[in-house]
Amino acid sequence: MQEEIELVLEDTKERMEKALEHLDNELAKIRAGKANPKMLEGVLVEYYGSMSPLSQVANLSTPDPRTIAIQPWEKQLIGAIEKGILVANLGLNPDNNGEIIRINIPPLTEERRRDLVKQAKKECEDAKVSVRSARRDSNEELKRMKKDGLSEDLEKDAEADVQKMTDAFIKKIDEMFEVKEKDILTV
């Protein structure tokens, strides 16, 4: 029975870590006034008839804090890359000189900063829901194991472990939000 409890706890931790990883990726896409190549992570470009992620057809860099430079591996891709950026509806305007596409990141207005904080808060709430869902599923699994002969003490101890894990992950999510909020609101 102890091994089964360990499996439940490992599975729960894994699910909670995935929620944190997903949150980290989503928060990276929310721009904070600084140029970041991750902002273009969701951009798809038509490349020889199939849709490919921008990072697989071009080199992305940030020459300065307000600019993203995109160096396509093939010059004929410039139009497709610009189209992909516009279709992604990120509010960014690509500008090319025939070889490199540059995207200037305008400074954020106060209202836009508040909207981005709300968006970050929503992503954090979604992550918390995922963490709590993992807790609920593992607690249900422990109750099922109790019906199959697990002692009540072991079940209570395992539920306490799950709760400690949940609290730790929720705390990490709150810390990630505070860092992102500070990043967004810093002018």
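**Rings, charges and nonpolar cores**

In this predicted model, the charged end of Lys172 is placed over the ring of Phe169, at 4.7 Å from the ring's centre. A second arrangement of this kind involves Lys121, whose charged end sits over the ring of Phe177, 4.8 Å from its centre.

From these charges over rings one can turn to rings that pair with each other, of which the count comes to 1 aromatic pair. The pair is formed by Tyr47 and Tyr48, whose ring centres are 4.8 Å apart and whose planes stand at 65°, so the arrangement is edge-to-face, the cut-off for that class being over 60 degrees. As for the exposure of the two partners, Tyr47 has a relative accessibility of 24% and therefore counts as partly exposed, since buried would require under 20%, whereas Tyr48, with a relative accessible area of 64%, is exposed because its value is over 50%.

The interior offers another view of the model. In soluble globular proteins, nonpolar side chains tend to be buried together. Here the largest nonpolar core has 29 residues, and the members that touch the most others are Ile5, Leu23, Leu27, Val131, Leu142 and Ile173. Two or more residues of this core come from each of helix H1 (2–29), helix H3 (110–147) and helix H4 (152–185). Apart from this core lies another, made up of 18 residues, including Leu40, Val57, Ala58 and Leu92.

Leu23, one of the core members named above, can be followed in more detail: leaving aside residues up to four places away in sequence, Leu23 touches Glu123, Cys124, Ala127, Ile173 and Met176. Ile173, listed among these contacts, is also one of the core residues that touch the most other members.

Terms used
Residues numbered from 1 in each chain as written. Predicted model: local features only at pLDDT ≥ 70, side-chain atom pairs only at ≥ 80, totals over all residues. Heavy atoms only, no water. Core = buried A, V, L, I, M, F, W, Y, C linked by side-chain atoms within 4.5 Å. Buried < 20%, exposed > 50% of the residue type's maximum accessible area, 1.4 Å probe, protein only. Helix = DSSP H or I, 4+ residues; strand = E, 2+ residues; numbered from the N terminus. Contact = heavy atoms within 4.5 Å. Phe/Tyr/Trp six-rings, centres within 6.5 Å; stacked < 30°, edge-to-face > 60°. Lys NZ or Arg CZ within 6 Å of the ring centre and 35° of its normal.
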